[in-house]
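Hi,

Here is the structure I said I would pass on. Have a look at it first, and then read my notes underneath.

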Amino acid sequence: MLYKFLDKDPPLNPLLASFFSKTIGNLIARKTEQVIAFLKKKEGFISLVLKHIDASAMMDLLLRLISCVEPATLRQEVLHWLNDEKLVQRLIELIHTGKDEERQSNASQTLCDIIRLSRDQANQMQDNVDSDPLLTVLESQETVTGLLKNMFEGERSEASIVNGTQVLLTLLETRRSALEGLMDLYSQGYERSYTVSSSILSAIEPYLKDFQHLLLDPPKKSAILMTVGILEQPLGNARLHVARLVAALLQTSAPSICQELCNLATMDLLLDLFFKYSWNNFLHLQVELCVAAILNHPSSEEQPSLDIQNHDGDPVASNSDREGEKSTNSDLKSSVFNALVAHLFQKCQLVQRILNAWEENDKIQADGGTRRGNMGHLTRIANMVVQNLEKGPVQAQITDLIKELPEDCRGRWESFVDETLRETNRRNAVEL
């Protein structure tokens with residue numbers, strides 16, 4: 001009788017769906033074997049749950065199946081059953097242009113939760129040799145490529161871009177979102193609890209130009225009225241998510257990804273948006289994280305090695321091969337990062353942009369106008385450059401790049417650092 005609730009046509013009554021999910025969830029926790037055996041006998045169970053995925057209670061039900069089943073052997077059996085039912089692939093199919101936005105959002109959230117739950121479980125049971133089949137499928141190049149195809153096929157919609165990118169960002173998480181605190185990035189370096197699988201990065205790389213195109217030509221949005229006036233073309237959630245993705249990719253230190261971002265001049269575009277949308281602090285933080293990742297990239301000894309194991313479980317190279325490759329890889333990483341740093345100061349003209357924006361803001365304020373909304377982040381970026389001139393992995397290179405600046409610009413930078421920035425830092429340090 002309880003199960004028959006799923007036979008209704010969507011949309012389900014949200015309150016009743018929530019009661020249904022809680023009841024089944026409790027039965028799963030208390031009478032695990034009987035309920036799992038019952039559900040497995042029902043041929044279309046997963047199809048019915050996905051038919052109603054626009055109700056968030058159905059998302060909860062799927063996650064209970066993944067997280068509330070004990071003992072470990074039974075849990076593994078359930079995971080294999082869900083994998084045989086192609087749960088991951090069917091959720092990814094829902095993140096597609098033309099699909100209902102609520103369904104897309106819930107499918108995306110379910111996939112993100114599956115990734116985090118599976119990784120947490122794997123961390124707790126390190127002695128358990130069985131890998132999680134759902135996570136293995138999710139991290140495979142084929143699955144990530146399928147997701148990206150869905151996001152960019154046909155007419156692009158903001159919903160599919162945003163929901164798809166959220167799954168990619170979760171796959172790229174190297175530790176649970178401690179990165180929210182920016183100082184974390186500087187103080188703790190790149191401490192990692194998960195390695196990013198190289199298959200994920202290999203799938204994303206060919207699509208970087210599509211993400212770049214989104215920065216230039218986002219899905220159309222109508223003008224909005226803000227407290228600072230009318231914004232003709234808002235930044236939009238799609239472009240903000242692209243900025244988040246670029247920041248996450250730069251933090252992986254993967255040479256081919258960094259090289260491609262350099263070739264596409266993605267940082268130049270993000271800096272353009274940083275100054276154009278001077279009131280969007282969500283964007284300003286992501287651009288700041290990008291600059292931090294380029295300037296603070298770990299030296300080759302500290303760098304996490306990407307997990308280069310193919311999914312048949314065979315290591316790609318023997319230890320002796322790896323030793324030989326290590327020096328080549330670290331040379332390659334160094335040269336790619338040096339190119340990125342040079343790109344930031346030469347093509348993106350970071351120093352000139354900081355100085356020009358600061359002078360423009362001073363002029364606006366002198367005329368009685370409002371201080372621009374990105375000045376706090378600009379102060380932190382300027383301090384980051386100064387700190388890396390004093391010490392840091394690319395100290396010598398930045399010193400040379402500053403020396404290469406035109407003489408008038410170099411003079412302006414030196415007086416800016418000695419006077420303006422110092423005074424700003426002093427004022428910011430005063431307790432209110």
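Below is what turned up, starting with the empty space inside and then moving on to the salt bridges.

One thing to keep in mind from the start: this is a predicted model.

**The cavity**

If you go looking for enclosed space, you'll find 1 cavity of 30 Å³ or more. The largest cavity holds about 50 Å³ of space. To find it on your screen, pick out Leu208, Phe211, Gln212, Val242, Leu245, Val246, Leu249, Leu261 and Thr266, which line it. Two elements, α13 (208-216) and α14 (236-251), each give two or more residues to that lining. The largest share comes from α14, with 4 residues.

What sort of residues are they? By class, the lining has 7 nonpolar and 2 polar residues, and no charged ones.

**The salt bridges**

Charged residues do pair up elsewhere: the structure holds 17 salt bridges. I'll walk you through a few of them.

Start with Lys40 and Glu77, whose closest N and O atoms are 3.1 Å apart. Lys40 sits in helix α2 (residues 32-41) and Glu77 in helix α5 (residues 72-84), so this pair ties together parts that are 37 residues apart in sequence. Buried or exposed, where does Lys40 fall? With 34% relative accessibility, Lys40 counts as partly exposed, because that class runs between 20% and 50%. Glu77, at 41%, is partly exposed as well.

Next comes Lys221 with Glu158, where the closest N and O atoms are 3.1 Å apart. Here Lys221 belongs to the loop between α13 and β1 (224-226), while Glu158 is in helix α10 (residues 158-171), so the bridge links parts 63 residues apart in sequence. You met α13 above, as one of the elements lining the cavity. Lys221 has a relative accessibility of 37% and counts as partly exposed; Glu158, at 22%, is also partly exposed.

Then there is Glu85, which forms a salt bridge with Arg90, the closest N and O atoms being 3.8 Å apart. Glu85 is partly exposed, with a relative accessible area of 24%, and Arg90 is partly exposed at 26%.

Finally, which residues join up in a network of salt bridges? Asp268, Asp272, Lys347 and Arg353 are linked in this way. Try showing those four side chains together when you open the model.

Cheers

Conventions:
Residues numbered from 1 in each chain as written. Predicted model: local features only at pLDDT ≥ 70, side-chain atom pairs only at ≥ 80, totals over all residues. Heavy atoms only, no water. 1 Å grid on protein atoms, 1.4 Å probe; cavity = no way out; pocket = protein on both sides within 12 Å on 5 of 7 lines; lining within 4 Å. Points joined across faces, edges and corners; volume = space filled by probe spheres on them. Nonpolar A, V, L, I, M, F, W, Y, C, P; charged D, E, K, R; others polar. Buried < 20%, exposed > 50% of the residue type's maximum accessible area, 1.4 Å probe, protein only.
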